[in-house]
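Reader: Please take one part of this model and look at it closely, beginning with its setting in the whole chain and ending with other local details that a structural biologist should check.

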Amino acid sequence: ANIVYFHGVYPKQHCRVEIKYNGDKFKYYFIEHNGAQGTRSDINSKYNFSEMNRWEYSNLPAVMNENGSRPHEQLPHVSFYQHQLDFGIFNESRTILQTYLPYTWDFVNLYLVKYLPESKEDRLSRTDKTTLAVRDFVSPLIEDIKDSSSVVKMGRIHNHIARTFNYQRDDDFLQGGDFRLPRIDEFLKKNTIRQVSRIDLYDKIFARIDSDFYGSFLFDKRVNTINFDSYEPSVLSSYCHAVVNEGAIYYFMPKSHRFGYYMDELPFYFEDIKMILIPQTVPYMVYYDNVKKVSYVFHKTPYSTVANNSRNTTVMCAVSTDSMQVRFNATVKLSGQFSTMTRGSYLYDFVDTTATPQYAEKVYDVIPGATKGKIITLREDSVFPYKADFSTEFVSKKILTSSGEAFELDLKGFFNHIHDTKVVQQGRDLDYYPDFVHQDRYKYFLKFDSPVSITSPTDSSEINTEIGVYRYS
């Protein structure tokens, strides 16, 4: 995307940004944010440039690498796009574009609208391999559903894919090394969803259950947001399907890893964001209208609260002063965003590489010398708040040491709270945004194989840090 920030990861004594272009041949629109104010001037250039936009700043601090910040919320920046001379005010016969206008979301999204090319009967009575494979896949999953709602049907199908399907990346296909067709029918039989056909597969499933649906792009709120009133380029988005039913909106994100999100499940960076639902089942005759009347849905995604987002870790520790080892029996209960961000690690070793790696750390990963225990899934809910419970057993022979008759138990790694160790309060210029509000509780019960007395203080205490207040007892 054409987005320019003036600040950087190093301080700048002076910064000047110039964008030159041929204004006689091309038309560009510039959208300035957070006080950015440039100048436009006519120029003569041997490279055939005729116009230039310029921005100048002095004494800019180094802020672009401040952890947990959202530069687009606070820093001056500019985005721009080239107008294709295809939108504005036409004459009465719509043959001549008289006045160019900035793009609107309605106009830009017209290219993403999909049309139904035929009647339902004709569409579903085809006998090609893909149509028959989708039919044979969908029918057994929904045959016992008495509710006619497409949300219930699609929820069943989507959650089944999220829980049981494998995922195949298609690097060879995308790089031109595989010239074969997507072969949806073949991969459905393998319980595999492909990178290149996952959107098309969902489109066909919605068609099979005869459901109106929408497509939409989810924009990562850590790096950008959209303004409903004016179009501009955006970055880091993910595609999802949606259904509007009785005024409520339901989301379906086709999986892009072995781990998949359930119906209506969104990671924290897609919560409470603006999004536009683009119709995917518009009657085909609308395509031929000079002025296409398409209804979009502008809204914000829901968000979870501190009551929804929790992790409760309970660990029974058998401490052996004879063998100098500690045996752990742990139960981890996840809810809300903790489930969304952490469940995949316990199930499939999935790591969301856009977030802090701590979410993927299992209870034994941060305890020195711990073996990797077998993960047992005790619970996995497919409805909000997506509660998931796991248990595991593991052993460490490195955290218990002795000196004469005294023993010392190293608690390093026992409390793996999600926090950004690189966050510095002093000298910071941008606000800090935590990923999501939550509760993270740990309980450890220590049982020794022989009588012991505790020599270190264990009174309740409170520690004030730059991040917050830490209380333990």
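The answer below centres on one helix and then turns to backbone details and salt bridges elsewhere.

Author: The structure is a predicted model, in which local features need pLDDT of at least 70 and side-chain atom pairs count only at pLDDT 80 or more, whereas totals for chains, interfaces and linings use all residues. Residues are numbered from 1 along each chain as its sequence is written, and side-chain values use heavy atoms, with hydrogens and water left out.

The setting comes before the helix itself. The C-alpha atoms of the chain fill a box of roughly 95 × 65 × 45 Å along the principal axes, and the secondary structure amounts to 9 helices and 26 strands (DSSP runs numbered from the N terminus, helices being H or I with at least four residues and strands E with at least two). Of the 473 residues, 43% count as buried (under 20% relative accessible area, against over 50% for exposed and partly exposed in between, with a 1.4 Å probe and protein chains only).

The part chosen here is helix H8, which spans residues 198-208. H8 is mostly covered, with 8 of its 11 residues buried. The buried residues of H8 include the nonpolar side chains Leu 201, Ile 205 and Phe 206, and Arg 198, Asp 203 and Arg 208 are also among them; the list is completed by Tyr 202 and Ala 207.

Two helices pack against H8, and each pairing can be put in the usual terms: two packed helices are described by the angle between their axes and the distance between the axes. Helix H5 (residues 150-164) packs with H8 at an angle of about 150 degrees, their axes being 11 Å apart (axes are lines fitted to C-alpha atoms, for helices over the stretch in contact, and angles run from 0 to 180 degrees between N-to-C directions). This angle makes H5 roughly antiparallel to H8 (over 145 degrees; under 35 is roughly parallel, 65 to 115 roughly perpendicular and the rest oblique). The crossing of H5 and H8 is right-handed (the near helix is turned clockwise from the far one by less than a right angle, anticlockwise being left-handed).

Helix H4 (residues 129-142) meets H8 in another way, for the axes of H4 and H8 come within 10 Å and cross at roughly 65 degrees. This makes H4 roughly perpendicular to H8, and H4 passes H8 in a right-handed crossing.

Just beyond the helix, the backbone deserves attention. H8 is followed by Asp 210, whose phi is positive, near 55 degrees, and Asp 210 sits in the loop between H8 and strand E12 (214-219). With a relative accessible area of 43%, Asp 210 is partly exposed. Most residues other than glycine have a negative phi, and most peptide bonds are trans. Asn 48 likewise has a positive phi, near 70 degrees, and belongs to the loop between strand E4 (39-42) and strand E5 (51-60), where Asn 48 counts as exposed because its relative accessibility is 52%. The peptide bond from Phe 384 to Pro 385 is cis, with omega near 5 degrees, and Pro 385 is placed in the loop between strand E20 (376-380) and strand E21 (388-396).

Salt bridges give a further set of details, and the model has 22 of them (a side-chain nitrogen of Lys or Arg within 4 Å of a carboxyl oxygen of Asp or Glu). In one of them, Asp 440 pairs with Arg 311, the closest N and O atoms being 2.8 Å apart. Asp 440 belongs to strand E24 (residues 439-448) and Arg 311 to strand E18 (residues 310-320), so this pair ties together parts that are 129 residues apart in sequence. Both partners are buried, Asp 440 with a relative accessible area of 13% and Arg 311 with 4%.

The bridge between Arg 169 and Asp 171, at 3.0 Å from N to O, has another setting: Arg 169 is exposed at 54% relative accessible area, while Asp 171 is partly exposed at 32%. Asp 381 and Arg 379 also form a salt bridge, at 2.8 Å from N to O, with Asp 381 partly exposed at 22% and Arg 379 partly exposed at 34%. Elsewhere, Arg 16, Glu 18, Lys 20, Arg 54 and Glu 56 are joined into one network by salt bridges that share partners.
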